[in-house]
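Grab a pencil and have a look at the model below. Try each exercise yourself before you read its solution.

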Amino acid sequence: MKKILIINGPNLNLLGKREPMVYGNASFEDYLAELRTKYPQHEIAYFQSNIEGEMINKIHEVGFDYDGIILNAGAYTHTSIALHDAIKAVTTPVVEVHISNVHARESFRHVSMISAACKGVIIGFGLNSYRLALESFL
Ligand code: DQA
């Protein structure tokens with residue numbers, strides 16, 4: 001049994017409603033229920049926050065205990081050195097995910113402040129990005 005935490009950052013609480021052409025029509029809660037059904041032998045915890053410091057606190061809280069963190073930092077990906085440092089500070093490996101292919105979008109999304117601190121990066125497979133990240137830990 002692996003303990004995995006998914007962290008979603010700002011505006012990802014609106015998945016399903018937010019820019020559906022970019023992010024799809026499914027809510028994250030529905031997708032998470034599917035993931036938990038598909039992997040009943042693993043603990044898949046979930047945390048969402050629109051607040052950078054709360055995401056950092058969560059990484060500190062689980063980051064010496066869990067087997068993996070799947071992090072979609074939303075727009076903080078492109079700005080947050082503090083998240084980079086938090087990922088470096090803990091021992092739990094972190095996989096960065098993005099729903100959309102950020103490299104096919106605006107140039108300000110082409111830079112990630114957190115990739116270099118992460119174990120790997122999965123970008124552009126819709127909500128399946130989370131499943132692929134999960135499987136990387138199993
Ligand atoms: C995102 C991409 C980011 O550029 C954006 O700010 C998001 C979502 C994605 O999952 O595609 O909020 O991380």
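**Exercise 1: Tyr 23 and its surroundings**

Tyr 23 is buried, since its relative accessible area is 10%. The cut-offs are these: buried means under 20% relative accessible area, exposed means over 50%, and partly exposed is in between, with a 1.4 Å probe and protein chains only. Before we go on, note that this is a predicted model, where local features need pLDDT of at least 70, side-chain atom pairs count only at pLDDT 80 or more, and totals for chains, interfaces and linings use all residues. Residues are numbered from 1 along each chain as its sequence is written, and side-chain values use heavy atoms, with hydrogens and water left out.

Task: work out which helix holds Tyr 23 and which residues Tyr 23 touches.

Solution.
- Step 1: Find the helix. Tyr 23 sits in α1, residues 20-23. Helices (H or I, at least four residues) and strands (E, at least two) are DSSP runs, numbered from the N terminus.
- Step 2: List the contacts, meaning heavy atoms within 4.5 Å. Leaving out residues up to four places away in sequence, Tyr 23 touches Leu 15, Arg 18, Ile 99, Ser 100 and Arg 105.
- Step 3: Check a distance along the chain and in space. Tyr 23 and Val 102 are 79 residues apart along the chain, and their C-alpha atoms are separated by 12 Å.

**Exercise 2: The buried side of α5**

Task: find which residues of helix α5 are buried, and say what covers them.

Solution.
- Step 1: Go through residues 128-137. The buried ones in α5 are Ser 129, Tyr 130, Ala 133, Leu 134 and Phe 137.
- Step 2: Look down the axis of α5. The buried residues fall within an arc of 135°, so they line one face of the helix. The arc is that of the directions from the helix axis to the C-beta atoms.
- Step 3: See what lies over them. The cover includes β1 (3-8), α2 (28-38), β2 (43-48), β3 (68-72), β4 (94-98) and β5 (120-123).
- Step 4: Pick up Tyr 130 again. Together with Phe 28, Tyr 31 and Tyr 46, Tyr 130 forms one aromatic cluster. Rings of Phe, Tyr and Trp (its six-membered ring) pair if their centres lie within 6.5 Å; planes under 30 degrees apart count as stacked, over 60 as edge-to-face and the rest as tilted. By this rule the count comes to four aromatic pairs.

**Exercise 3: Two sides of α4**

Task: sort residues of helix α4 into buried and exposed ones.

Solution.
- Step 1: Start with the buried residues of α4 (residues 81-89). They are Leu 83, His 84, Ala 86 and Ile 87.
- Step 2: Check their directions. They cover an arc of only 165° around the axis, which puts them on the same side of α4.
- Step 3: Name their partners. The buried residues of α4 pack against α3 (52-62), β3 and β4.
- Step 4: Turn to the face pointing away from the buried side. That face carries the exposed residues Ile 81 and Lys 88.

**Exercise 4: Salt bridges**

Task: how many salt bridges does a search of the whole structure find, and what do the ones picked out below join?

Solution.
- Step 1: Recall the idea. Side chains of opposite charge can pair when their charged atoms come close. A salt bridge is a side-chain nitrogen of Lys or Arg within 4 Å of a carboxyl oxygen of Asp or Glu.
- Step 2: Count. The search finds five salt bridges.
- Step 3: Take Asp 65 and Lys 3, whose side chains meet at 3.2 Å, N to O. Asp 65 lies in the loop between α3 and β3 and Lys 3 in strand β1, so the pair ties together parts that are 62 residues apart in sequence.
- Step 4: Take Glu 135 and Arg 131, with their closest N and O atoms 3.3 Å apart. Both lie in helix α5, four residues apart, about one turn of the helix.
- Step 5: Take Arg 109 and Glu 106, which meet at 2.7 Å, N to O. Arg 109 counts as buried at 16% relative accessibility, whereas Glu 106 is partly exposed at 35%. These two are linked with Arg 105 in a network of salt bridges.
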